[in-house]
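Student: Got a minute to walk through this one with me? I'd like to start from one pairing and work outwards.

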Amino acid sequence: MPLVTTPDGTRIAFQVRGTGPVLVLLAGQANSHHWWDGVREDFHAVRSTLTLDYRGTGDSDAPDVPYSTELFAQDVVTILDALDIDRADVYGTSMGGRVAQKLATHHPERVRSLILGCTSPGGPHSIERTNAVRRSLATTDPAAAQHALASLMYTPTWLATHPGPHQTTGDPTMPAHARRHHLTASRTHNAWDDLPAVQARTLILHGTDDLLNPAPNAPLLDSRIPDARMTLLPGARHAYFEEFRGVASRLVVGFLEGAELGREKT
């Protein structure tokens, strides 16, 4: 597993698949590159894919220090530098979408195009999940919490034929301190004031039935990012990119190829 060392001495694992221009794929909170298993291949007709194990996940180091979406974005830049990649397309989902926002606003010269999936701007302007959703995830029964999370990620129809385990419900190898730091990084993200400065052409994707990161966050992002394109996926929950991959991946590939997308729902 290739590794790069960040300026603070943390070793970050990364994975490159395919050939051609690079699409950086950024996973959700407390997840490694396996978040993208079974999906990344959809993009190899037009892009190679670059993933990483966030610090605290997978084969990367897990220092017991504060994490932030800005720090995760800097780790991505360190990898791009090591690979001599000047600019890349960036596709971030969930917390990965928050990291992608930091990449696009703090390192605009490195982002050729931007895709934000099932994510939010963070801060006081974002739409938070309900207390009922929080309670379902906070139960002390691990099996119940895992069931609640899977139900927020996928529809009942999907779960009936895909009982798991699911690659999107967290990296089981993470130490407890890294889970806490990931949660804090996602909760403290706030890109609201920076988003109007995004220079990259941007596509926003979100499932209409997403309660984990509520769907009304998509139009908020659309209103803040100049000339963004937004598409909502009817009936999709948080892991739209996997369950609805036939539609979602086609939209991403079309966007990467320069197709014009409208703002209406599909």
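Student: Which strand does β5 pair with in the parallel sense over five bridges?
Tutor: β5 and strand β6 (residues 111-117) pair that way, parallel and over five bridges. Strands here are DSSP runs of E with at least two residues, helices are runs of H or I with at least four residues, and both are numbered from the N terminus. Two strands pair if DSSP finds at least two bridges between them.

Student: Before we go on, what kind of model is this?
Tutor: This is a predicted model, where local features need pLDDT of at least 70 and side-chain atom pairs count only at pLDDT 80 or more, while totals for chains, interfaces and linings use all residues. Residues are numbered from 1 along each chain as its sequence is written, and side-chain values use heavy atoms, with hydrogens and water left out.

Student: OK, back to the sheet. What is the bridge partner of glycine 92 in β6?
Tutor: Leucine 116 is the partner of glycine 92 in β6. Glycine 92 is also the bridge partner of leucine 26. That fits with strand β3 (residues 22-26) and β5 pairing in the parallel sense over four bridges.

Student: And on the other side of β6, which strand pairs with it over five bridges?
Tutor: β7 pairs with β6, in the parallel sense. Serine 113 stands opposite arginine 201 in β7. β7 and β8 then pair in the parallel sense over five bridges, and the partner of leucine 203 in β8 is arginine 229.

Student: Is β5 mostly covered or mostly open?
Tutor: Mostly covered: β5 (residues 88-93) has six of its six residues buried. Buried means under 20% relative accessible area, exposed means over 50%, and partly exposed is in between (1.4 Å probe, protein chains only).

Student: Which residues of β5 point which way?
Tutor: Ala88, Val90 and Gly92 point one way, Asp89, Tyr91 and Thr93 point the other way, and all are buried. In a regular strand the side chains alternate between the two faces of the sheet.

Student: How many residues of β7 are buried?
Tutor: Six of the seven residues in β7 are buried.

Student: Let's do a helix. Which residues of α7 are buried?
Tutor: In helix α7 (residues 217-224) they are Asn217, Ala218, Leu220, Leu221 and Asp222.

Student: What do those pack against?
Tutor: The buried residues of α7 pack against α2 (95-106), β6, β7 (201-207) and β8 (229-233). Contact means heavy atoms within 4.5 Å.

Student: Any odd backbone spots? Which residue has a positive phi of about 55 degrees?
Tutor: Serine 94 does, although it is not a glycine. Serine 94 sits in the loop between β5 and α2, and serine 94 is buried with a relative accessible area of 12%.

Student: And what about phi at cysteine 118?
Tutor: Cysteine 118 has a positive phi too, about 45 degrees, and is not a glycine either. Cysteine 118 is in the loop between β6 and α3 (131-137). Its relative accessible area is 0%, so cysteine 118 is buried.

Student: Where is the cis peptide bond?
Tutor: The cis bond joins glycine 164 and proline 165, with omega about 5 degrees. Proline 165 lies in the loop between α5 (156-161) and α6 (176-187).

Student: Switching again: is leucine 71 buried or partly exposed?
Tutor: Leucine 71 counts as partly exposed, at 22% relative accessibility. Leucine 71 is in helix α1 (residues 69-82). Not counting residues up to four places away in sequence, leucine 71 touches Arg55 and Pro66.

Student: Now zoom out. How many helices and strands are there?
Tutor: The protein has nine helices and eight strands. Its radius of gyration is 17 Å, close to the 18 Å from the globule rule for 266 residues, so the protein is as compact as a globular protein of that length. That radius is taken over C-alpha atoms, and the rule is 2.2 Å times the number of residues to the power 0.38.

Student: What share of the protein is buried?
Tutor: Of the 266 residues, 55% count as buried. Among contacts between residues at least 6 apart in sequence, 75% join residues at least 24 apart.
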